[in-house]
Amino acid sequence: MKFFVDTADIAQIKELNDLGMVDGVTTNPSLIMKSGRDILEVTKEICDLVEGPVSAEVTATDAQTMIAEGRKLVKIAPNITVKVPLTWDGLQACKTLSGEGHKVNVTLCFSTNQALLAAKAGATFISPFVGRLDDVNIDGLELIEDIRTVYDNYGFETEILAASIRTVNHITQCALIGADVITAPPAVIKSMASHPLTDKGLAAFLADIEKTGQKIL
Ligand code: G3P
């Protein structure tokens with residue numbers, strides 16, 4: 001399973017990328033706002049930093065302007081993926097941009113039917129939002145499972161990019177279901193390393209070596 005990091009924070013991307021934990025990056029208008037940076041500038045910086053796909057989201061709502069924005073975004077770097085919303089216009093933009101050979105990530109997916117349409121429109125990635133479904137008492141992981149089944153039933157090559165990942169359990173379950181990619185905030189990826197028994201065991205080991213008075217360095 002590929003790990004994309006869901007942020008436009010350069011320092012955090014760099015830290016995870018240096019550890020080999022970053023297969024790609026996803027951004028969206030809210031993350032750009034949070035970064036306080038210029039969208040084109042920060043996106044270019046991210047593309048220079050990581051080898052994998054970097055999703056940059058359009059801001060128009062009509063297909064023609066989305067296509068024009070997408071064509072501008074792909075000029076930033078060869079690893080740009082154009083992110084479009086799952087609307088009828090977004091699907092039209094997806095079809096055109098993917099037809100031109102660009103990678104397209106169709107975002108804000110909340111149903112299996114939407115995922116089916118995105119695959120038929122040539123999406124490289126479909127981004128179902130797990131956490132936001134959980135927020136409204138709908139099982140977000142069930143959607144990942146259903147899309148996996150449908151895509152496998154018909155051999156669609158669109159990759160399932162599980163987004164709005166809020167917990168380490170979301171990541172485990174997405175891996176078990178067979179999502180192709182998860183995108184998560186850096187803090188969630190880092191917290192995958194934590195386990196209370198690791199902390200407890202380490203504290204006991206350190207206490208015991210201290211009792212011996214020995215040091216390695
Ligand atoms: O990739 C989409 C993601 O950024 C949305 O996450 O936590 O705002 O629902 P969240």
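Two residues are in contact here when they have heavy atoms within 4.5 Å of each other. Keep that in mind for the tour, which runs through a predicted model: local features need pLDDT of at least 70, side-chain atom pairs count only at pLDDT 80 or more, and totals for chains, interfaces and linings use all residues. Residues are numbered from 1 along each chain as its sequence is written, and side-chain values use heavy atoms, with hydrogens and water left out.

**Stop 1: Lys83**

Select Lys83, which sits in strand β4 (residues 80-85); strands (E, at least two residues) and helices (H or I, at least four) are DSSP runs numbered from the N terminus. Is this lysine buried or exposed? Lys83 is buried, with a relative accessible area of 4%, where buried means under 20%, exposed over 50% and partly exposed in between, using a 1.4 Å probe and protein chains only.

Now show the surroundings of Lys83. Leaving aside neighbours within four places in sequence, Lys83 is in contact with Thr26, Thr27, Asn28, Ser55, Ala56, Glu57, Val58, Asn105 and Thr107. Draw a distance to Thr27: its backbone oxygen lies 2.9 Å from a polar atom of the Lys83 side chain.

**Stop 2: the nonpolar core**

Next, pick Ile46, Val84, Val106, Ile126 and Ile165. Of the 58 residues in the largest nonpolar core, these five touch the most other members. Such a core is a set of buried Ala, Val, Leu, Ile, Met, Phe, Trp, Tyr and Cys residues joined through side-chain atoms within 4.5 Å. Helix α8 (residues 140-154) supplies the largest share of this core, 5 residues. In soluble globular proteins, nonpolar side chains tend to be buried together.

Stay with Ile165 for a moment. Not counting residues up to four places away in sequence, Ile165 touches Val130, His170, Ile171, Cys174, Ile182, Thr183, Ala184, Pro185 and Val188.

**Stop 3: helix α9**

Among those partners of Ile165 are His170, Ile171 and Cys174, so follow them into the next helix by selecting residues 168-177. Which residues of α9 are buried? They are His170, Ile171, Cys174 and Ile177. Look down the axis of α9: these buried residues fall within an arc of 130°, so they line one face of the helix. The arc is taken from the directions between the helix axis and the C-beta atoms.

Turn on the neighbouring elements too. The buried residues of α9 pack against α7 (130-135), α8, β7 (159-162), β8 (181-184) and α10. Just after α9, stop at Gly178, which takes a positive phi of about 100°.

**Stop 4: aromatic rings**

Show the Phe, Tyr and Trp side chains; the whole structure holds 4 aromatic pairs. Rings of these residues (the six-membered ring for Trp) pair if their centres lie within 6.5 Å, with planes under 30 degrees apart counted as stacked, over 60 as edge-to-face and the rest as tilted.

Zoom in on Phe4 and Phe125, an edge-to-face pair at 5.6 Å centre to centre with 75° between the planes. Phe4 lies in strand β1 (residues 2-6) and Phe125 in strand β6 (residues 125-128), so the pair ties together parts that are 121 residues apart in sequence. Both Phe4 and Phe125 are buried.

Then move to Tyr151 and Phe156: their ring centres are 5.7 Å apart and their planes at 65°, so this pair is edge-to-face. Tyr151 is buried at 1% relative accessibility, while Phe156 is partly exposed at 22%. Add Tyr154 to the selection, and you have a cluster of Tyr151, Tyr154 and Phe156 linked by ring pairs.

**Stop 5: salt bridges**

Finish with the charged side chains. How many salt bridges does a search of the whole structure find? It finds 12, each being a side-chain nitrogen of Lys or Arg within 4 Å of a carboxyl oxygen of Asp or Glu.

Begin with Lys190 and Glu15, whose side chains meet at 3.0 Å, N to O. This pair links distant parts of the chain, with Lys190 in helix α10 (residues 186-191) and Glu15 in helix α1, 175 residues apart. Lys190 is partly exposed at 43%, and Glu15 is partly exposed at 41%.

Within helix α1 (residues 10-18), select Asp18 and Lys14, which are 4 residues apart, or about one helical turn. Their side chains form a salt bridge of 3.2 Å, N to O. Asp18 is exposed at 58%, whereas Lys14 is partly exposed at 39%.

For a last view, select Arg37, Glu41 and Glu45, which are linked in a network of salt bridges.

Technical notes:
Polar contact = N/O pair within 3.5 Å; in protein donor to acceptor, adjacent residues only side chain to side chain.
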